[in-house]
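This report looks at how two helices pack together and at how charged side chains pair up. The sequence and the model are shown first, and the description follows.

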Amino acid sequence: MSSTDVVLPTYFVSHGGGPWPWIEDRFPGDLSKLRASLEAIPVELGAKPRAVLVISGHWEETTFTVQTHPRPPMYYDYGGFPEFTYHIRYPVPGSPDVAERVQELLRGAGIAVRADVRRGFDHGTFAPLFVMYPDADVPILQLSLTSDYDPAAHLAAGRALAPLRREGVLIVGSGFSYHNLRRFGPDAARASSEFEDWLTRTVVYSTPEQRVEGLLAWDRAPSARDSHPAEDHLIPLMVAVGAAEADPATRIYYENDFMGSVTSASYRLGAVPG
């Protein structure tokens, strides 16, 4: 992709559970809608990005931290799955040059950032990106959350990273629109539906100013804390929104029967190329 004539959209994707793409036939429920939504992203982009920067809900540090390993290892941050899923390989290259650019942009905005050369890909990255790019032919790197989960700080980080969109780098926030593992079944139906309805109204149908205002006060939304007792899986959305703050949003994935009862969604911010 050219670094001058294309402005990439940003995404917030609900990434599913654990190593689901490798055990889809054993996973409870039908994951075909989630899979189709992820497979559609490379199609609508039309050309492979230079790299994908993933902000995963499964990595947090006290300071924003960027992954710099040229060949990141795997980080199996799940439990209770078949033994072979702890030997999965997604041999995609990292992108040290983009990692350097991420640090430059954040520091230029007065945002503290550090590098981590050892960090591997967690399943918030390797599960959805394997579905999107199964040939492992697009460089990927991760940027951590900060452990304070400050919405304003993550929106600001997104704003600082917005130039990457003109440099061929796809920004993906990877989390889940509903993430309460203690209530993941029939008890999740009402809360996940109420919160997703608010989230779609806020992200898709509000003005950019209203969208930011709503996200800054997300914990006052209907069923907010029932849906996100800890907001690690929601905060990646803030980075994706900050990087495309003035752009319209589209809901690209929705279902109200994920795992039988959960309402979940994913979003694109900005127009697709062309």
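## Two helices in contact

In this predicted model, the crossing of α4 and α6 is right-handed. Helix α4 covers residues 151-161 and helix α6 covers residues 208-216, and the two pack at an angle of about 140° with their axes 9 Å apart. Because angles over 145 degrees would count as roughly antiparallel and those from 65 to 115 as roughly perpendicular, α4 is described as oblique to α6.

Which residues make the contact between these helices? On the side of α4 they are P151, A152, L155 and R159, while α6 contributes V212, L215 and L216. Sorted by class, the contact of α4 with α6 has six nonpolar residues, no polar ones and one charged residue.

## Salt bridges

How many salt bridges does the structure hold? There are 17 salt bridges in the structure, and the sections below describe some of them, beginning with a pair that involves a loop.

E24 forms a salt bridge with R35, and the closest N and O atoms of this pair are 2.8 Å apart. The two residues belong to distant parts of the chain, since E24 sits in the loop between β1 (10-14) and α1 (32-45), whereas R35 is in helix α1, eleven residues apart from E24. E24 is partly exposed, because its relative accessible area is 24%, and buried would mean under 20%.

## A buried pair and a pair between helices

Are the partners in the salt bridge of R119 and D122 buried or exposed? The side chains of R119 and D122 meet at 2.8 Å, taken from N to O, and both R119 and D122 are buried.

Another salt bridge brings together the side chains of D226 and R190, with an N to O distance of 3.7 Å. D226 lies in helix α7 (residues 224-227) and R190 lies in helix α5 (residues 188-203), so this pair ties together parts that are 36 residues apart in sequence. D226 has a relative accessible area of 29% and is therefore partly exposed, and R190, at 46% relative accessibility, also counts as partly exposed.

## A shared network

Salt bridges can also share partners, and in this way E24, R35 and E39 are joined into one network. E24 and R35 are the pair described earlier, linking the loop between β1 and α1 with helix α1 itself.

Terms used:
Residues numbered from 1 in each chain as written. Predicted model: local features only at pLDDT ≥ 70, side-chain atom pairs only at ≥ 80, totals over all residues. Heavy atoms only, no water. Axes fitted to C-alpha atoms, helices over the stretch in contact; angles between N-to-C directions. Helix = DSSP H or I, 4+ residues; strand = E, 2+ residues; numbered from the N terminus. Parallel < 35°, antiparallel > 145°, perpendicular 65-115°, else oblique. Left-handed = near helix turned anticlockwise from the far one by under 90°. Contact = heavy atoms within 4.5 Å. Nonpolar A, V, L, I, M, F, W, Y, C, P; charged D, E, K, R; others polar. Salt bridge = Lys/Arg side-chain N within 4 Å of Asp/Glu carboxyl O. Buried < 20%, exposed > 50% of the residue type's maximum accessible area, 1.4 Å probe, protein only.
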